[in-house]
Structures are given as C-alpha cells and as structure tokens.
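Let's take a walk through this structure together. Have the sequence and the 3D view ready, and follow along as we go.

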Amino acid sequence: MMKVAIIGAGLGGLLSAAILSEEGNSVDIYDRLPFSGGRFTNIPYKGFQLSTGALHMIPHGNRGPLGKILKQVGSKVEIEDSKPEGLALWEGELKTVRRKDFPRGSRNKMIKWYLLHKIFRRDRTLDKFEEGIDTFTANFLRSFLGWSLSITPSDIKFSKFLSIVKNVEKFGGPGIPIGGCKAIIDSLTEIIKSNDGTVNLRKKVEGIFFSNDIVEGIKLKEKLKYDLILSNIGHDLTARILGDEEYIRRASKLQPSSGVKFSIALEEPFIGNTGVLFTPELKRISGLNEVTNADPNLAPGGKHLLMAHQAVLTSNLKYEINLGLSDLKELLKNYKYEVIAIQSYSNGWPVNRIKAGNDIGYRTPYKNLYIVGDGAKGDCIEVDGIAAGIRNLMRDLV
Amino acid sequence: MDLPIANFLTQQRRHNTEMMAVANYCVGCAFCMLVCPEEAINVLGNAEIDREKCSDCKRCMRYCPVEAIRLVE
Ligand SMILES: Cc1cc2nc3c(=O)[nH]c(=O)nc-3n(C[C@H](O)[C@H](O)[C@H](O)COP(=O)(O)OP(=O)(O)OC[C@H]3O[C@@H](n4cnc5c(N)ncnc54)[C@H](O)[C@@H]3O)c2cc1C
Ligand code: SF4
Ligand code: SF4
C-alpha cells in the first residue's frame, strides 16, 4: 500500500485517485478552489447548469478511454452517446460529415497524404493540406479543429490529425453525461471516499519537497510526507512549485490553447438533437451543442442550454468575442435567445494546457512524481486524452 | 510560488479597509460573475467589479482559479 498525494482535484486528479484508491492505496487529494472538478464540473447560474470549462461533452462517449475507466472503477454515471454524432451547417442545409460526404478531390488528397506519411514519413501541418481543396472540406476542417482542440490547421501535424480520425472511427463520436460534467466528478468522489480517500478543498499546495531525484512530500501550511505524488496542475506549475530551474525552463515552452465559450438560453431548441453542430461558414464560432436534448435538467423550466465554442485567433480578446457574438446574431436571427455567460480561457486556466500534438509525457525529473490531467495526455483528445494518459501511467506504476 | 506582479485594471475601496482589485492576468472565465450574490461583476474578456453593488463577501476571490482578484493595501 502506498501513501499517495494528488495535487489538484480536476478530472485528472480524481480519476487517478479513484483507480489508486480502488487498488487499496491511501489517497489524499488537495485543491486550492472551494469546489472539485476544475475545468470539468457544473456551476449553477440562474437555474442553468453551466460548466466551469468543458462543453458537457466526452469526445468518445461510452466507448472511449474515459468511458472505459469509469466502468472499471464502478462509476454508475450515465453517458448518452450523441445521435447524430455531428452535422455541419453549410449553405443553409444540414450535411452529414462521414468520409463519403466529402468531395472526391479532398478524399483523394487525404489518401495521397496518408501514403506519403506511411512510406516516406512525410508529416506536414494541415494548412498545407488546406491549400487547393474545396471550400467545404477546408472550412469544415477549420471548424472541427476549432471545436475539438481550439487550434487552427497550422497548429497540427498530419500524423496527429490522422490519429484523431482513427480514434473517431474506432471509438465513435461524443457523448453527454446525464447531469453534466459534475455527474462524473460526483461519482468519482463517491468512489474515492468509499475507499477512505480524502478530497481536501481550499488547500493550496505551496511546494513539493525532495532529496535528489525522489520527492518526499508536499507543503501546505505544514509539510506532509507521501510515497507517490501525482500532479494535476501540468508540467509548468509543477516545476514552479518545485523550484527546479531546469525543469521550469523546459516546461515553460509548452503552449496552451485559448478559447471562448458562450452559454445561451433558448425557449425553443435550436439544434434539437444530442450531436455537435459544426458551423464552417461562421467567422469564429466553430460549433455548438445543445445538452438539454440529452438532459433537460441542465436548464430550468423546459428551457434549452445551447453552448457555442470558438478558438481565439488574434491577441485582441474583446475583438474575438465580438466576432463570436456577431456570428451568433446571424446564426440565431430567427430565435429568441439570451447569452447568459461569456467565458474565456487562456494561459493559467486554458482550454488545453498543451496544444494538441506537443505533449511531453507524464514523467518529471523526479522518480515518484508524475503529471496527470491535460498537461500529460495519452493518444486521444480532451478528457479521453486525460484518461488515456492515466491508463498508460497506471500500467507503468505496476 | 510567487504570483506575477499585478497591474490593476479596476480598483475599489470598501468600508475604508481593503481594496479589491482585478489583476491583468484575469483570463475572463467568469467564475466570479457566476458566484457573486450581488450581480456586481461583469465579465467580457476580463472581470470588472461594480463597487456600488459589491457587499464585500469575498466569494469571487475564493472562486477565482488564477487568484486574479486580490486585496491590496
Ligand atoms: C471552454 C472549454 C471547453 C471544453 N470543452 C471540452 C469538452 O466538451 N470535452 C472535453 O473532453 N474537454 C473539454 N475541455 C477540456 C477539459 O475541460 C479539460 O481538459 C479538463 O477539464 C482538464 O482537467 P484537468 O484535471 O487536467 O485539470 P483542471 O480541471 O484544471 O484541474 C486542476 C486542478 O488543480 C487545482 N490546483 C491548481 N493549482 C493548485 C495548487 N497549487 N494546489 C492545489 N490545487 C491546485 C485547480 O484548482 C484545479 O481544480 C474544454 C475546456 C474549456 C476551457
Ligand atoms: S466580494 Fe462578494 S459581492 Fe463583492 S464582487 Fe465579490 S462576490 Fe460579489
Ligand atoms: S474568476 Fe478570476 S480569472 Fe475568472 S473572470 Fe473572475 S477574476 Fe477573471
């Protein structure tokens, strides 16, 4: 049995804690905020269950890495797989976005790039793929990357994109947890507590103490000794609380991704189903979902909660938000709607701590200190990437 | 860990004691607005606190994930 400290009660911290406590270890989690769940929980506002970050969506629903771990640890949370998985609004019509729905020219280009990658290891960024292809494919690609990763084609290499496409084909599209993100957080907390683990809120970890390359414990107001430390706060912040200059230098190079989320109240549904609506024709908004079609309790009195997401493409955040708002005005012109919250994310509280494809793994310069969460994803996106990273780490720890 | 030196965007003085200020590293996540019992906060890219409405409960400070709402002398 190990004595384990987890810094941060985000999804990454809680998921690791659930697994380790199920295996009989003694686990204590510390978070500086007054609530657990970090960027993946609910925050109630005017009767709506808004979220602290995530769009109440799991990229690969029940079948992905997160869905699998939740079942393994005995979570009873219900995830409604999206149906249809995703549609694109294009020239006033809804289009399905399966492989066969794209023009032959862009499908052929995909095959050509695939072969060049397989045979010659060629690996270019996707802005090169965009050049010369039809506008539907090019714009859809932008909206897909904006929605799922808050990035643009020049931010991602073909090999990484290929693995995303493969994962969608392997695990299927997204799902919405009934009860929103918080349902998952609550169910993990229950599992941890039933195994005598503790979740300590409003406890900021100020430092980690170590000798040579072994960490010995954490510093709150007092010093606490542990055998193993998992950090849910990313490489950069972890390096800073360690005060390790060399590690700080390496970790500070990792770039986070920025985005804006709009929460919109509607009397009548706009999307009307549980899938993602991609909006490749809009200036900034890349897609929307309407989670009340999966769980009406996420909004009060029969209303709907529509959420729109955009990447931030310039350094002028107010300008970016205004473009998003004008997109919404155009899109919802025949609907009665109210934007109830505009939330932006960057730097120390980003959409993703590391832009997709730039992960440096869960290891740190210290033998018994590892990173969990979106600072050390496995080969999958968003919270499924968090789960994949933790699954790999747990194999390593045995 | 040291916090970056704050460049204060909005400042207020309340009950003649402390001053609450929003630092420029506020990301605009709006948690403070969502939890404020007085609807005293407006967020559009960064938070602005309406000193007339604020009851000084400090709830916004506790919920800020990047410690951008600070008390200054
Ligand atoms: C707008 C937006 C939309 C998104 N949409 C989706 C989506 O639909 N689907 C999806 O899968 N993902 C989505 N994501 C990404 C997802 O929300 C994150 O990847 C995930 O929540 C990160 O979890 P985490 O556990 O790694 O980190 P966090 O949730 O950030 O948890 C880290 C925790 O550590 C705590 N902490 C920090 N410093 C300390 C310290 N010194 N001591 C103690 N505690 C500390 C923090 O308070 C925090 O609670 C979205 C993100 C955003 C911002
Ligand atoms: S101190 Fe309380 S009332 Fe004042 S802005 Fe913050 S949350 Fe609102
Ligand atoms: S909670 Fe903090 S970071 Fe978020 S908007 Fe308010 S002041 Fe800014």
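**A loop, a sheet and a ligand shell**

Start at Asn212(A), which is exposed because its relative accessible area is 70% (exposed means over 50%, buried under 20% and partly exposed in between, with a 1.4 Å probe and protein chains only). Before we go on, note that this is a predicted model, where local features need pLDDT of at least 70, side-chain atom pairs count only at pLDDT 80 or more, and totals for chains, interfaces and linings use all residues. Residues are numbered from 1 along each chain as its sequence is written, chains are lettered from A and ligands numbered from 1 in the order in which they are written, and side-chain values use heavy atoms, with hydrogens and water left out.

Asn212(A) sits in the loop between strand 10 and strand 11 of chain A (strands are DSSP runs of E with at least two residues, helices are runs of H or I with at least four, and both are numbered from the N terminus). Its phi is positive, about 55 degrees, even though Asn212(A) is not a glycine. Most residues other than glycine have a negative phi.

Now look at the strands on either side of that loop. Strands 10, 11 and 12 of chain A form an open sheet in the order 10-11-12, with antiparallel pairing (two strands pair if DSSP finds at least two bridges between them). Strand 10 (207-211) and strand 12 (223-225) of chain A are at the edges with a single partner strand each, so one side of each has no neighbour in the sheet. Five bridges join strand 10 to strand 11 (residues 214-219) of chain A, and Ile208(A) has Ile218(A) in strand 11 as its bridge partner.

Chain A has another oddity to find: a cis peptide bond, with omega about -10 degrees, joins Lys83(A) and Pro84(A). Pro84(A) lies in the loop between strand 5 (79-81) and strand 6 (86-90) of chain A.

Over in chain B, Ala30(B) also isn't a glycine, yet has a positive phi of about 70 degrees. Unlike our starting residue, Ala30(B) is buried, because its relative accessible area is 2%. Ala30(B) is one of the residues around ligand 3, along with others including Cys26(B), Phe31(B) and Ile69(B) (a residue is near a molecule if one of its heavy atoms lies within 4 Å of it). What classes of residue make up the shell around ligand 3? There are eleven nonpolar, one polar and no charged residues (Ala, Val, Leu, Ile, Met, Phe, Trp, Tyr, Cys and Pro count as nonpolar, Asp, Glu, Lys and Arg as charged, and the others, Gly among them, as polar).
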